[in-house]
Amino acid sequence: ILRLRDAHGLTVVLSSHLLSEVEQICSRLAILNQGRMIFCGRWQDGLERVPRWTFDVDPWDQSRGVFDAAGCRVVEESLIEIPAGVDVSDVVAALVNSGIRIRRVEPLKRSLEDFYLEHVRQ
């Protein structure tokens, strides 16, 4: 399918519930829910929300104040949204300067399944 698309500039319509395969093949999609179209377009563009990061830090309670002071939003324990204009390295430095131990910092890569579930739950 990808070869046909790329070699001949074809548009291929694919209907599937296997979202991992759709993610690998499709650049645009339409999401239907109970007979209504709830999304149509490039799903990757919909991922351009505030980046989310996972932080494994100790102590967690003390780190919440550092995240707040840095302008970040704590979504849930260990899951942080870092808005545009805030560099993750500055957040890490603020945590270290506050005496907080950092075991892991990792960007959260959202999948098509995450994107789909967010739209269907609305």
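**Salt bridges, a hairpin and a pocket in a predicted model**

Arg103 has a relative accessible area of 53% and counts as exposed. The cut-off for this class is over 50%, so Arg103 passes it. The model described here is predicted.

Arg103 takes part in a salt bridge. Its side chain meets that of Asp56, with a distance of 3.9 Å from N to O. The two residues come from distant parts of the chain. Arg103 belongs to strand S6, and Asp56 belongs to strand S3, which covers residues 52-58. Along the chain they are 47 residues apart. Asp56 has a relative accessibility of 28% and counts as partly exposed. This value falls between the limits of 20% and 50%, so Asp56 is placed in the middle class.

Opposite charges explain such contacts in general terms. Side chains of opposite charge can pair when their charged atoms come close. How many salt bridges does the structure hold? There are eight. One of them joins Glu23 and Lys109 through their side chains, at 3.7 Å from N to O. This pair also links distant parts of the chain. Glu23 sits in helix H2, whereas Lys109 sits in the loop between strand S6 (101-107) and H5. The separation along the chain is 86 residues. The partners fall into separate classes of accessibility. Glu23 is partly exposed, at 22%. Lys109 is exposed, at 65%.

Another salt bridge forms between Glu81 and Arg73, whose closest N and O atoms are 3.0 Å apart. Is Glu81 buried or exposed? Glu81 is buried, because its relative accessibility of 10% is under the 20% limit. Its partner Arg73 is partly exposed, at 43%. Salt bridges can also share partners. In this way Asp56, Asp58, Arg101 and Arg103 are joined into one network.

The next feature is a hairpin. Strand S1 spans residues 29-33, and strand S2 spans residues 36-41. They pair in the antiparallel sense, over five bridges. Which residues of S2 are the bridge partners? Leu29 is partnered by Gly41 of S2, and Ile31 by Phe39. Two residues lie between the strands of the hairpin. In this turn, Gln34 has a positive phi of about 55°.

S1 shows a clear pattern of side chains. In a regular strand the side chains alternate between the two faces of the sheet. Along S1, Leu29, Ile31 and Asn33 point to one face, and these residues are buried. Ala30 and Leu32 point to the other face and are not buried.

Just before S1, Arg28 has its place in the loop between H2 and S1. Arg28 is exposed, because its relative accessibility of 52% is over the 50% cut-off. Its C-alpha atom is separated by 8.4 Å from that of Gln44, 16 residues away along the chain.

Arg28 and S1 also appear at the largest pocket. This pocket has a volume of about 590 Å³. Its lining holds 22 residues. Nearest the centre lie Leu14, Cys26, Arg28, Leu29 and Ala30. Which elements give two or more residues to the lining? They are H2, S1 and helix H5, residues 112-121. S1 gives the largest share, with four residues.

Leu14 has a further role in the description, as part of a nonpolar patch on the surface. The patch consists of Ile1, Leu4, Leu10, Val12 and Leu14. Together they have about 410 Å² of accessible area. Leu10 is found in the loop between helix H1 (2-8) and helix H2 (19-25). Its relative accessible area is 42%, so Leu10 counts as partly exposed.

A last contact involves helix H4, which covers residues 88-97 and includes Asp90. Asp90 is exposed, at 52% relative accessibility. Its C-alpha atom is separated by 8.2 Å from that of Ala70. Along the chain, Asp90 and Ala70 are 20 residues apart.

Methods. Residues numbered from 1 in each chain as written. Predicted model: local features only at pLDDT ≥ 70, side-chain atom pairs only at ≥ 80, totals over all residues. Heavy atoms only, no water. Pairing = 2+ DSSP bridges. Patch = residues over 30% accessible without salt bridge, like charges linked within 9 Å, V, L, I, M, F, W, Y side chains within 5 Å. Areas by Shrake-Rupley, 256 points an atom, 1.4 Å probe, with all protein chains shown as cover. Salt bridge = Lys/Arg side-chain N within 4 Å of Asp/Glu carboxyl O. Buried < 20%, exposed > 50% of the residue type's maximum accessible area, 1.4 Å probe, protein only. 1 Å grid on protein atoms, 1.4 Å probe; cavity = no way out; pocket = protein on both sides within 12 Å on 5 of 7 lines; lining within 4 Å. Points joined across faces, edges and corners; volume = space filled by probe spheres on them.
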